[in-house]
Amino acid sequence: DTAIPSLHEAYAGLFRIGAAVSTDTLRREGPFIAGQYNSLTAENQMKFEEIQPEEGRYAFEAADAIVEFAQRGGMAMRGHTLVWHNQTPDWVFRAADGGDASREEVLRRLEDHAHAVMGRYRGRIGAWDVVNEAVEDEGDGYLRPTKWLERIGEDYLERAFRIAHEADPDARLFYNDYNETDPVKRVKIHRLVRSLLEAGAPVHGIGMQGHWNLYGPPIDEIKEAIELYASLGVRLHITELDVSAFRFEDRRTDLLRPTPEMEERLTERYEEIFKLFREYRSAIDSVTFWGAADTRTWLDGFPVRGRLNWPLPFDRKLRPKPAFWRMLEAA
Ligand SMILES: Oc1ccccc1CN[C@@H]1C=C[C@@H](O)[C@H](O)[C@H]1O
């Protein structure tokens, strides 16, 4: 809409403003998205199961359409994601005889996939989430016990980053995770990335997913996490920002729209969050929302099936919320 200022223009010179999209949202909301954002991430259509559903059969049509839209609009692209325990087909980890694939077999499959995808979009995707969510949330566990870890072993992250760098030496390579500000988990993420850097692995950045809510994490906790990660000398991307109306453990299903108190809280949260990002603009290169507007958010139905949510700066009619105007002022 021409009457509304552009978020990405307001933040030009600070950091890119991005959104997770699909070919559906681009078809329905393309002009709005191109006006507000100058970086795109495929919400699902570049994940392993979408790109290579069966061994050797690649499906690039949807990803191609998103990359071409970004190219036409002069937008950056973030690749999401190569190594993750979700939305990855079982065949990757299975041998021909139905048993467990060997370390060598899984590494070769990862190499084939990375070279196929990163090679295809080389020069058009500037940053990749090479590994997503490898660190354990709970307790004193360190690496999440995934099939990647089981089949390849403890060096799977180092191998993944080296493979990605060979596939596209120009791409900036990120480790991406959620609950990334939690005082316990952030120390594990810091330890992991530091160990990769010490091993000489080409890790260029940390992706802080930013799946936050109206009540937390406290702005000081976010600040501490930004400082901890920036101290590693890597670049920071906020990769999946949204502000849920509900705490993760809140399973209420009675609301069809946010309460006035929730809307006021959202405005305050986005204002304090973007003021913090501005304060750390020397470390932050990109801030991506996990959705372009409330019309499409993964939080509709997660973690509570069938429940609506209103986590983004634009509502279900693509109208800017009060939070949008506060973010403009904070630029
Ligand atoms: O916040 C979470 C809580 C539990 C599991 C996963 C996550 C976040 N997981 C993200 C969310 C949506 C997916 O589309 C993204 O690819 C994934 O990175």
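## Helix α5 and its buried face

Buried here means under 20% relative accessible area. By that cut-off, in this predicted model, the buried residues of α5 are V106, L107, R109, L110, H113, A114, V117 and M118. They sit on the same side of α5, because they cover an arc of only 160 degrees around the axis. That fits a general rule: an α-helix has 3.6 residues a turn, so residues three or four places apart point the same way.

What do the buried residues of α5 pack against? Their partners are the helices α3 (48-51), α6 (147-152) and α7 (156-167), plus the strands β3 (76-83), β4 (127-132) and β5 (172-177). The length of α5 checks out too: at 1.5 Å a residue, its 18 residues (103-120) should span 26 Å, and the end C-alpha atoms are indeed 26 Å apart.

## The nonpolar core

Now for the core. The largest nonpolar core takes in 104 residues, and F274 and F277 have the most contacts inside it. Leaving aside residues up to four places away in sequence, F277 touches F15, W212, I226, I238, L241, I284 and V287.

## Pocket and cavity

The largest pocket offers about 990 Å³ of space. Its lining counts 41 residues, and Y178, N179, H211, F248 and W298 are the ones nearest the centre. Strands β7 (211-213) and β8 (235-244) each give at least two residues to that lining.

As for closed spaces, there is one cavity of 30 Å³ or more. The largest cavity has a volume of about 40 Å³, and its lining is made up of V83, W84, H85, V131, N132, E133, A134, T146, W148 and Y156.

Technical notes
Residues are numbered from 1 along each chain as its sequence is written. This is a predicted model: local features need pLDDT of at least 70, side-chain atom pairs count only at pLDDT 80 or more; totals for chains, interfaces and linings use all residues. Side-chain values use heavy atoms; hydrogens and water are left out. A nonpolar core is a set of buried Ala, Val, Leu, Ile, Met, Phe, Trp, Tyr and Cys residues joined through side-chain atoms within 4.5 Å. Buried means under 20% relative accessible area, exposed over 50%, partly exposed in between (1.4 Å probe, protein chains only). Contact means heavy atoms within 4.5 Å. Helices (H or I, at least four residues) and strands (E, at least two) are DSSP runs, numbered from the N terminus. The expected span of a helix is 1.5 Å times one less than its number of residues. The arc is that of the directions from the helix axis to the C-beta atoms. On a 1 Å grid over the protein atoms alone, a cavity is a set of points where a 1.4 Å probe fits but cannot get out, and a pocket is an open set with protein on both sides within 12 Å along at least five of seven lines; lining residues have an atom within 4 Å of a point. Grid points are joined across faces, edges and corners, and a volume is the space filled by probe spheres set on the points.
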